[in-house]
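Reader: I have the sequence and the model open at the bench, and I would like to go through them with you. Could you start with the terms, and then we can take the structure piece by piece?

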Amino acid sequence: MKNFLPFLVATVVATPIFAQQGRPETRVDDLSSANTPDSIDLATKAEGDLVVAMWTDERGVSTSDDDVYIAISTDGGTFWRREIQVTDFASISLDADDAWLEVNNGNIYISYDQDVAGTPQTSEIMMSSDLGMTWSTLTYVGDYDNPRVYADGNNLLVFFLDGASSPNALLADTSSTGFAGLGVNPPVTVSNAGGDADYDGYTAVVVGGVAHAAWFDDFRLAADDDLYYSSIDIAGAGAWTGPLQVNSTMDIDLRPRIAVSGSTVHFQWLADDVPGATSSFDDILFYNNYDLGTLTFGTETMLSSIADDVDYFNIAVSGDRVVMGWADDSTLDDEPRATFSTDGGATFTTVMLPVNTIGTPDVQWFGAGVNADYMFVTGLDDTHTVSNIDQYPVGWWSNDSGVTWNGPVVLGTNLDIDEDADMEDQSWVFLSNGFGAGFQSDDGAAGPDKLMYSGIRFPYVEVDPTPGALTFSQTGNPTATAGAFSRWGVSTALGNQVHPENPSLTVFLGPSSAYSITTTVPPVPVTTGTINADGSSSITLPVTLAPGTYYVQGWVNTGGLSAGGVASDIVTVVI
């Protein structure tokens, strides 16, 4: 399937094309509570089939004090357990601010500022190893701000701002022995001595026991921020390196992004005061990388046009694939863009993503994901609702390394017609089973705000029931290895059974004689098509189905009959 635009196709073909829909939107917070969730502190993290959604809410006695809540799914987001209130400040003057979520090795970590009336705030780190049933808590006493915890197995990093110092310094605490090893030694300063670090100007990641940190401060020139990088081998009990300056001389703006793939550290940031820009306040998107083998930086690259003004950017990396989603609001509306590289960041291509033809696109809060040649970009788009002040979560994807982009498709069904989704860039997840999803606060409908989770499953399937030729098409897993193939099943009934050839997959089709061409193990009718080099596959069958309702499921095997594979959701076809 190439460049499929479902909102256009339906208006120009005589026979409707039936396309896979998103998963029904699911509410994860308490339906009976007068909720007032804070859209600034929303996050979702996933590990395997474990998905955790976190938010803060003022529903307690004091409407100015936030508590932290989570909801958990252990099946990739289909079913959710009842919400868990992690903190309980209803009867005391406490307030959880700047909440942050991390999920790793089956553990759930939450960090936040704890404001106590009349005293300096503290930083709290909480950890649960039993899906939120019990929690351990560590308190960093001092005027600390905006704590964030990052994990890789037992290797942990806590990164926060020292609000008591002037200028503000970035502090870090590390442990190679898990949660129990935090707080044993005083936090150490990571940022430049004399440099004033910013509240929202730092980020980090822990990979292979090594913590990689990026931040900006004004050490080089007062009031002009530069981007810096430092790392520490937590597992090897090393010391922080650097700091090393990543950028040239422009003023860094907003929280930078960092990602690691193999021996390369990737950096993404915005800068203003760029020579030649339309305005000194316009933000231009930049990129650079650092080779951990040669200990050298690549070439600083301007990714957006000098005439652009960039908002809502994000990055994902896998192997030599780099993909970014971002918006250009130089025309007063945030137009969606994707920038990608297939050579580890040596060269980039930028495209304007396909847009809905109804209204002017205004897309915010981008997410990005990549899995081999499969690239995802997500955002909140206001052209799918009844009002341009309301937004739906939408997604685009490419399964040919960015050559063509498909979408936008709404990531979910049963959304309110006036749903206004609010979120942060930490609210997107891309699961290993091909599911891309977002976690958002809906404040569009009457009544309390609702916290919703929705998404769409890949591979993506469409069916063209043109008389005389039933055509199945789907994007696949982008691994055209020997023995790889796509298959489809068609039935008049739904069911739940093990795939007849690949026991690791579940088929959701029931017994039926609706389609009898090339069956394998009855009662599931199956057809075979070869996966193309870009991971897509399609087949046209010279048959005509009788009028009725049919259910179609596609799946992709990437390692032979009994190994690998991802199944699609069901497509309902009415003829």
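Author: Let me begin with strand pairing: two strands count as paired if DSSP finds at least two bridges between them. The strands themselves are DSSP runs (E, at least two residues), and helices are runs of H or I with at least four residues, all numbered from the N terminus. Please keep in mind that this is a predicted model, in which local features need pLDDT of at least 70 and side-chain atom pairs count only at pLDDT 80 or more, while totals for chains, interfaces and linings use all residues. Residues are numbered from 1 along each chain as its sequence is written, and side-chain values use heavy atoms, with hydrogens and water left out.

Reader: Good. How many bridges pair β12 and β13, and in which sense do they run?

Author: β12 and β13 (residues 169–175) are antiparallel, and seven bridges pair them. Within that pairing, F160 stands opposite L171 in β13.

Reader: And which strands make up the open sheet there?

Author: The open sheet has four strands in the order β11-β12-β13-β14, with antiparallel pairing. β11 (144–152) and β14 (188–189) stand at the edges with a single partner strand each, so one side of each has no neighbour in the sheet. As background, the strands of a sheet pair through backbone hydrogen bonds, either parallel or antiparallel.

Reader: What about β15 and β16, how do they pair?

Author: β15 and β16 (residues 210–221) also pair in the antiparallel sense, over six bridges, and T203 stands opposite A214 in β16. The two strands form a hairpin with two residues between them, and G208 in the turn has a positive phi of about 60 degrees.

Reader: Let's change topic to side chains. How many aromatic pairs does the structure hold?

Author: There are 17 aromatic pairs in the structure. One of them joins F159 and Y202, which lie 5.4 Å centre to centre with 75 degrees between the planes, an edge-to-face arrangement. This pair links distant parts of the chain, since F159 is in β12 (residues 155–162) and Y202 is in β15 (residues 202–207), 43 residues apart. For the terms, rings of Phe, Tyr and Trp (its six-membered ring) pair if their centres lie within 6.5 Å, and planes under 30 degrees apart count as stacked, over 60 as edge-to-face and the rest as tilted.

Reader: Are those two rings buried or exposed?

Author: F159 counts as buried because its relative accessibility is 0%, and Y202 is buried as well, with a relative accessible area of 0%. Buried means under 20% relative accessible area, exposed means over 50%, and partly exposed lies in between (1.4 Å probe, protein chains only).

Reader: What sits over the ring of Y202?

Author: The charged end of R148 does, 5.0 Å from the centre of the Y202 ring. The charged end of R257 likewise sits over the ring of F313, 4.2 Å from its centre. A charge sits over a ring if NZ of Lys or CZ of Arg is within 6 Å of the ring centre and within 35 degrees of the ring normal.

Reader: Which residues do ring pairs link into a cluster?

Author: That cluster consists of Y229, F267, Y290 and F297, linked by ring pairs.

Reader: Now the peptide bonds, please. Where are G407 and P408 joined by a cis bond, in a strand or a loop as far as P408 goes?

Author: A cis peptide bond joins G407 and P408, with omega of about 0 degrees, and P408 is placed in strand β31. Another cis peptide bond joins G242 and P243, with omega of about 5 degrees, and P243 is in the loop between β17 (224–233) and β18 (244–245).

Reader: And which phi does L131 have?

Author: L131 is not a glycine, yet its phi is positive, about 60 degrees. L131 lies in the loop between β9 (119–128) and β10 (136–140), and it counts as partly exposed because its relative accessibility is 22%. N105, also not a glycine, has a positive phi of about 60 degrees, and N105 is in the loop between β7 (94–104) and β8 (107–116). In general, most residues other than glycine have a negative phi, and most peptide bonds are trans.
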